[in-house]
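Colleague: I would like a close look at a single part of this model, namely one loop residue and whatever surrounds it. Please take the loop first and then work outwards.

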Amino acid sequence: DGASWCSSPLKRAVHSARLLGGTTLRCDALLSEMDWGEWGGRTLASLREELGDTMRDNEARGLDFRAAGGESPRDVCQRLQSWLSALRTVSTDNNGRPQLAQKYVVVTHKGMIRAALALATGWPMLDAFVPRLSWLCGHEFALDDDARFTLSRVNVPLLRDCS
């Protein structure tokens, strides 16, 4: 379909991109998963059990939630915004506005997708995102020529049913 394939450089993202058909793949560290710092490799359930009220208070910070020594979702949003800005080309339309060159298929991680949702919809990450997302599906976003980033569709089937 003429789309460019981009991926986080982490092995599982690159592997998924290749399985989905990304034969020519550009990896970019800006698309990496949120840095969980000292909590890397831990589950939210175990952190909630161990940290109790401290973890609940941290989660209640939404975009400003931060793992010990790690990034916040707001930091991830800034990384994503930098990546999106780099997509814009020096070509312009008839009114002198920058134009996007093409479509992209991006294979990344849950933390980055949640950041994209926050950027595209204004979601403050203080509650669950509605509609519920399937992590077995794709989610379609648009970046228009005026740099507006929006959510187009959720739960787009990839290899099998996303219900």
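Modeller: The residue to begin with is His109, which sits in the loop between β5 and α5. The model is a predicted one. His109 has a relative accessible area of 4%, which is under the 20% limit, so it counts as buried. Apart from neighbours within four places in sequence, His109 is in contact with Ser8, Leu10, Arg12, Ala13, Leu31, Ser32 and Glu33. Two of these residues, Arg12 and Ala13, fall within helix α1, which spans residues 11-20.

On one side of the loop is strand β5, and it belongs to a sheet. Three strands make up this open sheet, in the order β2-β1-β5, with parallel pairing. Its edges are β2 (25-27) and β5 (104-107), each of which pairs on one side only. Ignoring direction, neighbouring strands in the sheet are turned by 25° against each other on average. β1 (residues 4-7) pairs with β2 in the parallel sense, over three bridges. Within that pairing, Ser7 has Cys27 of β2 as its bridge partner.

Helix α1 lies across β1, β2 and β5, and runs at about 155° to β1. Its buried residues are Ala13, Val14 and Ala17. These three cover an arc of only 100° around the axis, and therefore sit on the same side of α1. The cover over them includes β1, β2 and β5. Lys11, Arg12, His15 and Leu19 are exposed on the other side of α1. The two α1 residues in contact with His109 thus differ in class: Ala13 is buried, whereas Arg12 is exposed. After α1 comes Gly21, with a positive phi near 120°.

On the other side of the loop is helix α5 (residues 110-121), which packs against helix α4 (residues 73-87) at an angle of about 80°, the axes being 9 Å apart. At that angle α4 is roughly perpendicular to α5. From α4, the contact takes in Val76, Cys77, Arg79, Leu80, Gln81 and Leu84. From α5, it takes in Gly111, Met112, Ala115, Ala116, Ala118 and Leu119. Sorted by class, this contact has nine nonpolar, two polar and one charged residues.

Helix α5 also holds Ala120, a buried residue with a relative accessible area of 15%. Beyond its neighbours within four places in sequence, Ala120 is in contact with Phe141, Phe149, Thr150 and Leu151. For Ala120 and Phe149, the C-alpha to C-alpha separation is 5.1 Å, and in sequence they are 29 residues apart.

Those contacts lead on to the last two strands. β6 (residues 138-143) and β7 (residues 149-156) pair in the antiparallel sense over five bridges. Gly138 stands opposite Val156 of β7. The two strands form a hairpin with five residues between them, and in its turn Ala147 has a positive phi of about 70°.

Some backbone values in this stretch deserve a separate check. Most residues other than glycine have a negative phi, and most peptide bonds are trans. In the loop between α5 and β6 lies Met125, which is not a glycine yet has a positive phi of about 60°. Met125 is buried, at a relative accessible area of 9%. The loop between α5 and β6 also contains Pro131, which is joined to Val130 by a cis peptide bond with omega about 10°. In strand β7 there is Asn155, another residue other than glycine with a positive phi, near 55°. Asn155 has a relative accessible area of 24% and is partly exposed.

As for the setting, the protein chain has five helices and seven strands. Read from the N terminus, the elements run β-α-β-α-α-α-β-β-β-α-β-β. Of the 163 residues in the protein chain, 36% are buried. Among contacts with a separation of 6 or more, 52% come from residues 24 or more positions apart.

Key. Residues numbered from 1 in each chain as written. Predicted model: local features only at pLDDT ≥ 70, side-chain atom pairs only at ≥ 80, totals over all residues. Heavy atoms only, no water. Pairing = 2+ DSSP bridges. Helix = DSSP H or I, 4+ residues; strand = E, 2+ residues; numbered from the N terminus. Axes fitted to C-alpha atoms, helices over the stretch in contact; angles between N-to-C directions. Contact = heavy atoms within 4.5 Å. Parallel < 35°, antiparallel > 145°, perpendicular 65-115°, else oblique. Nonpolar A, V, L, I, M, F, W, Y, C, P; charged D, E, K, R; others polar. Buried < 20%, exposed > 50% of the residue type's maximum accessible area, 1.4 Å probe, protein only. Arc of directions from axis to C-beta.
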